[in-house]
Every structure is written in structure tokens, then in C-alpha cells.
Amino acid sequence: MNKIIITTALLMLLICAAATVQSQIVFGQKPSGNPQFVYTHWKLDFGDGLDTTVSQSYIPVSAFVPIQDNLEAQIYMATSSSSAEYSGFDNSVSGLSDARIQISRSFSEDHILISGGINVPIGKKKLDFMENWSVIELLSQDFLEFPVRSLGEGFGFNLLVGGATMLGDARVGGGITYQFKGEYEPYAEIGDYDPGDIIAINAGGDITKGKMTWATNVVFTTYTADKQDGLKTFKQSQQIAVSVSGAHTDTPHDIS
């Protein structure tokens, strides 16, 4: 029971550190595939009849491949089609996303997890700026929720190391993630864009007393500068995210 509890705590901490990196050890799960279909539609009303509608159809496909005990691979790729209508114009962009492969291995009776993944740049790039920019710009807005905000990027990889253990009744752990993002040409004849790399460090834990579970987590994230044709264009500031939560259940927990 402690083995499962420790592994679960480790996974939660690592997911908080790198939400875009899918990494976990799943005990006894058979090889599987998971296709999905997601449709998202937004309408923006700017007044005076200046309405804009943005739609996206998204088909992700993921696969789980157990290699051996405590070693697994996950594969992901997707296709999407997005369109925007505004002021009598109708622009769209569609194509494949990049493929992502993640391999994870647990050690020391699942107290330690090491994971590495690559981004295979097969997705659509070198878009037509005049035809596609308006759609991509709308997809990138923070107040709109779209599963796919861009298609292909450059070669990339991530490395993730974390650990978790029990300290009395408390589950504690932490991890560090490094994500490298290579340069690519998002629009034809616009030049190479090199997005900044990401480093995330996190620590946290939870404790259960009777019918209450209390949890806390701290994530520190830092970024390197974005570059366009070798020149720095933007650098996202460092971030610290702190969460504290409590959950109540009618059934007392037994963590032994």
C-alpha cells in the first residue's frame, strides 16, 4: 500500500512541476491507444456588428506502451483544424501537430522517477503569414481556451527527475524539470524563432488526519529568452506558484 501511495504522491508533484509533460508509471496496465475528438467554438462580440467567431476541431491520439517492470513509453500526436470569421473574412489553418515520445522509469521501490522525452518536429510549419496569422493570433489569446494554439515547432526534449517518500503520516516529495525548445520557422520567409527553454523546480506534500486531507505545493519556474533570428525578443519573468488545499471525505483514510 505504501508503494502505491508514495508513487501517487510523486506523480502529482511532477505533474504540477511540468503540466505539459505526461510522465507516470502505471502498474499492470496493458498497451493501449486513446483517440479523442474535441470541438471548441468561441464568439467575440466587439459591438457595432463586429463579431468574430473562432472554431477548432482537435483529434489527439495517445498510446501507452509498457516496456518492462517500472519502465514505460507514452506516444502522442494530433491533428487539428482551426478557422476564424471576422469582418467578412474567413481564414483557416489545419495540419498535424508534432509527435511526442516520453519514456519513464522508476527506481528504489518507486521512490524515484526519471523521465525523458522528445518532441519530433513533424507538425505543420512555415505557415502563410497573410492567410494564417490572424487565426494563430486568436488561438494564442489567454482568455480563450483552445487545446491547440500552434501546430509544428522545432526539435525539443525534456528531462524530469523527482522523488517522494513518507515522513510519518505525511507524503512529501519534489522534482526538477528541464524543457529544451529548439528553433523553427513558424511563418514562411519570416525567419527562425527560438522559444525560451523552461526549468521548473517543485516541492510539496500532503497529510491525512481523520476525514481531512491537507496538501501544499510550491513550484518555481524560470525561462530563458525567446529569440528571433538570434536576437532576443522576449523573456518571460520567473514565476512562483503556491497552492494550499483541503479535502473532506465521509470515510476516514488509512495510509498504513
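This short talk walks through some strands, a helix, a cavity and two buried polar side chains in the structure above.

Please keep in mind that this is a predicted model, in which local features need pLDDT of at least 70 and side-chain atom pairs count only at pLDDT 80 or more, while totals for chains, interfaces and linings use all residues. Residues are numbered from 1 along each chain as its sequence is written, and side-chain values use heavy atoms, with hydrogens and water left out.

Let me begin with strand E4, residues 71-86; helices (H or I, at least four residues) and strands (E, at least two) are DSSP runs, numbered from the N terminus, and two strands are said to pair if DSSP finds at least two bridges between them. E4 runs antiparallel to strand E3, residues 51-68, and 16 bridges join them, with Tyr76 of E4 as the bridge partner of Ser62. The two strands form a hairpin with two residues between them, and in the turn Asn70 has a positive phi of about 65 degrees.

E4 is also joined to strand E5, residues 89-96, by eight antiparallel bridges, and here Thr79 has Leu96 of E5 as its bridge partner. The hairpin of E4 and E5 again has two residues between the strands, and Ser87 takes a positive phi near 50 degrees. Strand E6, residues 99-107, pairs with E4 as well, in the antiparallel sense and over six bridges, and Arg105 in E6 is the bridge partner of Leu71.

Staying with E6, we find Gln102 in this strand. Is Gln102 buried or exposed? Gln102 is buried, with a relative accessible area of 9%, where buried means under 20%, exposed over 50% and partly exposed in between, using a 1.4 Å probe and protein chains only. Its side chain makes a polar contact with the side chain of Asn158 at 2.9 Å; a polar contact is a pair of N or O atoms within 3.5 Å, where, within protein, one must be able to donate a hydrogen and the other to accept it, and residues adjacent in sequence count only if both atoms are side-chain atoms.

A second case is Asp206, in strand E11, residues 198-209, which counts as buried at 16% relative accessibility. The side chain of Asp206 makes a polar contact with the side chain of Arg171 at 2.8 Å. Leaving aside neighbours within four places in sequence, Asp206 is in contact (heavy atoms within 4.5 Å) with Asp169, Ala170, Arg171, Thr213, Trp214 and Ala215.

Turning to helix H2, residues 129-139, the buried residues are Asn132, Ser134, Val135, Ile136, Leu138 and Leu139, and what covers them includes strand E2 (38-45), E3, E4 and E5. At the start of H2, a side-chain oxygen of Asp128 reaches to within 3.1 Å of the backbone nitrogen of Met130.

Finally, the cavity: on a 1 Å grid over the protein atoms alone, a cavity is a set of points where a 1.4 Å probe fits but cannot get out, and lining residues have an atom within 4 Å of a point. The largest cavity holds about 30 Å³ of space, a volume being the space filled by probe spheres set on the points, which are joined across faces, edges and corners. Its lining consists of Ser80, Ser82, Val93, Ile136, Leu139, Val148, Arg149, Ser150 and Leu151, and E4 and H2 are the elements that give two or more residues to that lining.

How values were computed: On a 1 Å grid over the protein atoms alone, a cavity is a set of points where a 1.4 Å probe fits but cannot get out, and a pocket is an open set with protein on both sides within 12 Å along at least five of seven lines; lining residues have an atom within 4 Å of a point.
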